[in-house]
Amino acid sequence: MRRRARGDATAILEGPRTLSEALAAGIEPSVVVTAESTTNSPSVRDVLDQLNPDVEVMALTDRAFQSVAPAVSPQPMLALVDKPQVELPGSMARDDLVLVLVGVADPGNTGTIIRTAEACAACCVVVVGGADPWAPKAVRASAGSVLRVPVVLAADAGAALKALRAAGASVVAADASEGEAHDSGVLAGQSPVALVLGSESHGLDHSTYALADSRVRIPMAGSAESLNVAMAATLLAFEYRRHR
C-alpha cells in the first residue's frame, strides 16, 4: 500500500501534538501558522525545531490567528498539509480487516471509526462520500489515528468493493434489521473481511447490499432501532478481531 502527496487537496492540522504526530508519520506541512503570544511556548517551539527549513512559518497576532482558526477555542498552532493519497490494497492477508464507510455524514463519526480502525489493527479505512476524514472535527475525533491509518478516498462504493473482493476480502455489510447476529459467528468464519457501514440516516442502499457476501446486524433490546454508526463499527470490528 503506497502513500503519495496529492498537491491539489490539503488539510488543516491543529495543535503542536497533532503536528508532531504528523511529522512522525512522515507528513510534512507546507505552511505553519502560530499565534504571537504562544510562538515561544515549549510545545510550539519543539515542533518548529523539527520542521524542514523550506516550511513557511507565519506568526500572526492573536486576533488574526483566532479569525483563521477552525475551532472556537483554537490550539496555538495550525499547519497546512497535503492529504496523503492512498490506494486500495492489491492483496490482503488472512486476518486483514478493512472498514468501508459509505456516506457517513458526521465527521465526528468518521474520525471515531478511524480511531477504532487503528485500535483493532485494521489495514485501512475506505471512505466513499460523506464527511471528509481530514476535516478538523474528524481529525480531532480520530485522536491522531488518521495520521497513521491508511485512508482511501474512493469515488464509487461498487468499484471499491469489487476491488477489495478481488484482493481476497469477503464483503460483510452492516444492516440494522437483516442479516446474522454479530455474535452468531458470521464474523468468525470469514477472513479477510471488508466491513461496510452506511450513513447515519439511511444506512446502505440496495445496490451496495447486493455486492455483499453476507450481512451482519447487532440485535437491539427495547425500542432502540440501532446504534450510532461509530459505536456499531467499534463493536463489529472488535467482534471480528476477537476471533483472531
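Is D95 buried, partly exposed or exposed? With a relative accessibility of 28%, D95 is partly exposed. Keep in mind that this is a predicted model, so everything here is a reading of computed coordinates. D95 has a salt-bridge partner in R94, with 3.6 Å between the closest N and O atoms. R94 is the exposed side of that pair, at 62% relative accessible area.

That bridge is one entry in a longer list, as the structure holds 11 salt bridges. Take K137 and D106 next, whose side chains meet at 3.7 Å, N to O. K137 sits in helix α5 (residues 136-142), while D106 belongs to the loop between β5 (97-102) and α4 (107-119), so this bridge ties together parts that are 31 residues apart in sequence. Both ends are partly exposed: K137 has a relative accessibility of 41%, and D106 comes in at 28%.

Now look at R215 and D175, which form a salt bridge at 2.7 Å, N to O. Here strand β11 (residues 214-217) supplies R215 and the loop between β8 (170-174) and β9 (180-181) supplies D175, so the parts being tied together are 40 residues apart in sequence. R215 is partly exposed at 26% relative accessibility, whereas D175 is buried, with a relative accessible area of 8%. Some bridges also share partners: R17, E21, E118 and R148 are joined into one network that way.

From here, head over to helix α8, which covers residues 229-242. Its 14 residues reach 20 Å from the first C-alpha to the last, close to the 20 Å expected at 1.5 Å a residue. At the N-terminal end, N228 acts as a cap, placing a side-chain oxygen 2.7 Å from the backbone nitrogen of A230. A230 is also among the buried residues of α8, alongside V229, A232, A233, L236, A237, E239, Y240 and R241. So what covers them? The cover includes β5, α4, β8, β10 (193-197) and β11.

Two of those buried α8 residues, L236 and E239, turn up again in the surroundings of H182. This histidine lies in the loop between β9 and β10 and counts as buried at 14% relative accessibility. Leaving aside residues up to four places away in sequence, H182 touches L187, V216, R217, I218, P219, L235, L236 and E239.

If you like checking backbone torsions, there are a couple of alanines to look at. A121 has a phi near 60°, a positive value in a residue other than glycine, and it lies in the loop between α4 and β6 (124-128). A143 has a positive phi too, near 55°. You'll find A143 in the loop between α5 and β7 (151-154), where it is partly exposed with a relative accessible area of 37%.

Finally, how far can you lean on all this? The protein chain averages a pLDDT of 90, with 96% of the residues scoring at least 70. Confidence is highest in α4, at 98, and lowest in strand β1 (residues 3-14), at a mean of 66. Over residues 1-7, pLDDT stays under 50, although the model has 28 contacts for them beyond four places in sequence. Where pLDDT is low, predicted coordinates should not be read in detail.

Terms used: Residues are numbered from 1 along each chain as its sequence is written. This is a predicted model: local features need pLDDT of at least 70, side-chain atom pairs count only at pLDDT 80 or more; totals for chains, interfaces and linings use all residues. Side-chain values use heavy atoms; hydrogens and water are left out. A salt bridge is a side-chain nitrogen of Lys or Arg within 4 Å of a carboxyl oxygen of Asp or Glu. Buried means under 20% relative accessible area, exposed over 50%, partly exposed in between (1.4 Å probe, protein chains only). Helices (H or I, at least four residues) and strands (E, at least two) are DSSP runs, numbered from the N terminus. pLDDT is the predictor's confidence in each residue, from 0 to 100. Contact means heavy atoms within 4.5 Å. The expected span of a helix is 1.5 Å times one less than its number of residues. A polar contact is a pair of N or O atoms within 3.5 Å; within protein, one must be able to donate a hydrogen and the other to accept it, and residues adjacent in sequence count only if both atoms are side-chain atoms.
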